[in-house]
Amino acid sequence: DFIKNMITGTSQADCAVLIVAAGVGEFEAGISKNGQTREHALLAYTLGVKQMIVGINKIDSTEPPYSESRYNEIKKEVSGYIKKVGYNPDSVAFVPISGWHGDNMVTPSTNMSWFKGWTINRRNAATKKEESLNGLTLLEAMDAIDPPARPTDKPLRLPLQDVYKIGGIGTVPVGRVETGVLKPGMVVSFAPHGLTTEVKSVEM
């Protein structure tokens, strides 16, 4: 189920966060011909995810720890590959992080004085103007994602992906809202059957 769930989740995402391990040998394995770093970047772009953030994780386990040269090496290698895939490296934030110690995850790290922050240059989808953004942490990079315009003014259309029957709750249809708005209390119709029912709640 992992592959199926991953493809389903990726196809519905607005931005991909590609986590690359900086440890000795780990990055090389991921970026090798059949490595997961390559596979995941290609899969994300193929499934229509046009924005990306690269988290260079385990920066605390490089030789020496928190190595600037290792960060630069990985950034150069990954930039070259994602450019081949179809991404513009100038619009991708590269953030050196340590999930274990929390470096640059939510707050700026004191262990990487050499890291002056990430900068991205892109065309804003809403204003159609070029813009430059910068920050220090992975959280700031995620906050800087350019939200796509949602067709909320159109009628509700929600293609069903699955239907669960949960005891004590009832029937739970699962899918992604493609157009319109879905709220509790709304009366919705299912096509082609024509069945009509009320929305009790919306869960994520």
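In these legends, a residue is called buried with under 20% relative accessible area, exposed with over 50%, and partly exposed in between, using a 1.4 Å probe and protein chains only. The model shown is predicted, with local features needing pLDDT of at least 70 and side-chain atom pairs pLDDT 80 or more, while totals for chains, interfaces and linings use all residues. Residues are numbered from 1 along each chain, and side-chain values use heavy atoms, without hydrogens or water.

**View A. The whole protein carries five helices and nine strands.** Helices (H or I, at least four residues) and strands (E, at least two) are DSSP runs, numbered from the N terminus. Reading from the N terminus, you meet the elements in the order α-β-α-α-β-α-β-β-β-α-β-β-β-β. The C-alpha atoms occupy a box of roughly 65 × 40 × 30 Å along the principal axes. Of the 204 residues in the protein, 30% are buried. The domain assignment, automatic or from a database, gives domain 1 (1-144) and domain 2 (160-199). Between the C-alpha centres of domain 1 and domain 2 there are 36 Å.

**View B. Glu26 and Lys58 pair in a salt bridge.** A salt bridge here is a side-chain nitrogen of Lys or Arg within 4 Å of a carboxyl oxygen of Asp or Glu. The closest N and O atoms of Glu26 and Lys58 are 2.7 Å apart. Glu26 sits in helix α2 (residues 26-31) and Lys58 in the loop between β2 and α4 (68-85), so this pair ties together parts that are 32 residues apart in sequence. Glu26 is partly exposed at 35% relative accessibility, and Lys58 is partly exposed at 34%.

**View C. Glu28, Arg70 and Glu73 belong to a network of salt bridges.** Look for the Arg70 and Glu28 side chains, which meet at 2.8 Å, N to O. Arg70 comes from helix α4 and Glu28 from helix α2, so the contact ties together parts 42 residues apart in sequence. Arg70 is buried at 10% relative accessibility, whereas Glu28 is partly exposed at 34%. A search of the whole structure turns up five salt bridges.

**View D. Arg122 bonds with Glu131 and also helps line the largest cavity.** In the salt bridge between Arg122 and Glu131, the closest N and O atoms lie 2.8 Å apart. Arg122 is buried, with 13% relative accessibility, while Glu131 is partly exposed at 23%. On a 1 Å grid over the protein atoms alone, a cavity is a set of points where a 1.4 Å probe fits but cannot get out, a pocket is an open set with protein on both sides within 12 Å along at least five of seven lines, and lining residues have an atom within 4 Å of a point. The whole structure has one cavity of 30 Å³ or more, and the largest cavity has a volume of about 90 Å³. Its lining includes Cys15, Met52, Ser91, Trp118 and Ala141. At least two lining residues come from each of β2 (51-57) and β4 (118-123).

**View E. The largest pocket holds about 1,200 Å³ of space.** A volume is the space filled by probe spheres set on grid points, which are joined across faces, edges and corners. The pocket is lined by 28 residues, with Leu158, Pro173, Val174, Leu182 and Ser201 lying nearest its centre. Strands β6 (160-166), β7 (170-175), β8 (187-190) and β9 (195-198) each supply at least two lining residues. The largest share, five residues, comes from β7.
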